[in-house]
Amino acid sequence: MPNDLRRQVTQAMHEEHMATLDLLGRLEHTVAAGGNTPPDAGEQTTRDLMHALLSNLEHEVTRHFDFEEQRLFPLLDGGGKGELAAILRREHEAIRACTPKLLDMARRALGKGLSARDLDTFRHHATALIKQHQAHMQREESEMIPALEELIDPQNDWELWNGYGSV
Ligand SMILES: [Fe+2]
Ligand SMILES: [Fe+2]
């Protein structure tokens, strides 16, 4: 994982990746530890995780993904890294495809709770999301962020950083 990043915008992406990886780790732990018993809808740890998952899928992933697609991937395209940008775009689409069912399950878990059948569905989609999203973050950390550090100058960094709030 990169450290000593020189640009605000790469630092912001990096910090959001770390927060998402932390959430995915918690989700992975819950899915692995749960056995065949649905998560207890009344338990605070379950509620905190489901709220964090909802927030991540509804807002952070949407905003973060949109910003990368609209502002950062075009820089990769223009900087000779079009192949990487194409892979990252495809990964975004695959992750987006996992999210509606998981959003539905997380809302249900916070409402009346998950049935044993829901639990299978939740586990299936959560496992797919974890696998795809972890691999995506790792690719962005190891390939996208170092490339952007070279492609973004201080002036461009300032403009991108200011634009992040308006995506
Ligand atoms: Fe990202
Ligand atoms: Fe991304």
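What arrangement do the four donor atoms around the iron ion (ligand 2) make? In this predicted model, the angles that these donor atoms subtend run from 82 to 173°, which makes the arrangement irregular. Four donors would count as tetrahedral only if all angles lay between 85 and 135 degrees, and the range found around the iron ion (ligand 2) extends to 173°.

The ligands themselves can be named. Glu68 and Glu140 each contribute an OE atom, while His92 and His136 each contribute NE2, and the coordination distance is 2.1 Å. Along the sequence, the donor residues of this ion follow the spacing E-x23-H-x43-H-x3-E. His92 belongs to helix α3 (residues 82–110) and His136 to helix α4 (residues 116–151), so this pair ties together parts that are 44 residues apart in sequence. Both His92 and His136 are buried. Glu68 has a further role in the geometry of the site: this residue bridges the iron ion (ligand 2) and the iron ion (ligand 1), and the two ions lie 3.2 Å apart.

Attention may now turn to helix α2. This helix covers residues 44–78, and its 35 residues should span 51 Å at 1.5 Å a residue; the end C-alpha atoms are 47 Å apart, which agrees. The helix nevertheless bends by about 40° at Glu69. Just after α2, Gly80 adopts a positive phi of about 80°.

Which residues does Leu76 touch, leaving aside those up to four places away in sequence? Leu76 is placed in helix α2, and with 0% relative accessibility it counts as buried, the limit being under 20%. The contacts of Leu76 are Lys81, Gly82, Leu84, Ala85, Leu88, Met144, Ala147, Leu148 and Leu151. Within the chain, Leu76 and Glu58 are 18 residues apart, and their C-alpha atoms are separated by 26 Å.

A further link made by helix α2 involves aromatic rings. The count of aromatic pairs comes to one. The pair consists of Phe67 and Tyr164, whose ring centres are 4.3 Å apart and whose planes stand at 50°, so the pair is tilted. Phe67 lies in helix α2 and Tyr164 in helix α5 (residues 154–164), so the pair ties together parts that are 97 residues apart in sequence. Are these two aromatic residues buried or exposed? Phe67 counts as buried because its relative accessibility is 0%, and Tyr164, at 5% relative accessibility, counts as buried also.

Notes
Residues numbered from 1 in each chain as written. Chains lettered and ligands numbered in written order. Predicted model: local features only at pLDDT ≥ 70, side-chain atom pairs only at ≥ 80, totals over all residues. Heavy atoms only, no water. Helix = DSSP H or I, 4+ residues; strand = E, 2+ residues; numbered from the N terminus. Expected span 1.5 Å × (residues − 1). Bend = angle between axes of the 7 residues up to and from the residue. Donors = N, O, S within 2.8 Å, 3.2 Å for Na, K, Ca; no water. Tetrahedral: all angles 85-135°; square planar, octahedral: opposite > 155°, others 65-115°. Buried < 20%, exposed > 50% of the residue type's maximum accessible area, 1.4 Å probe, protein only. Contact = heavy atoms within 4.5 Å. Phe/Tyr/Trp six-rings, centres within 6.5 Å; stacked < 30°, edge-to-face > 60°.
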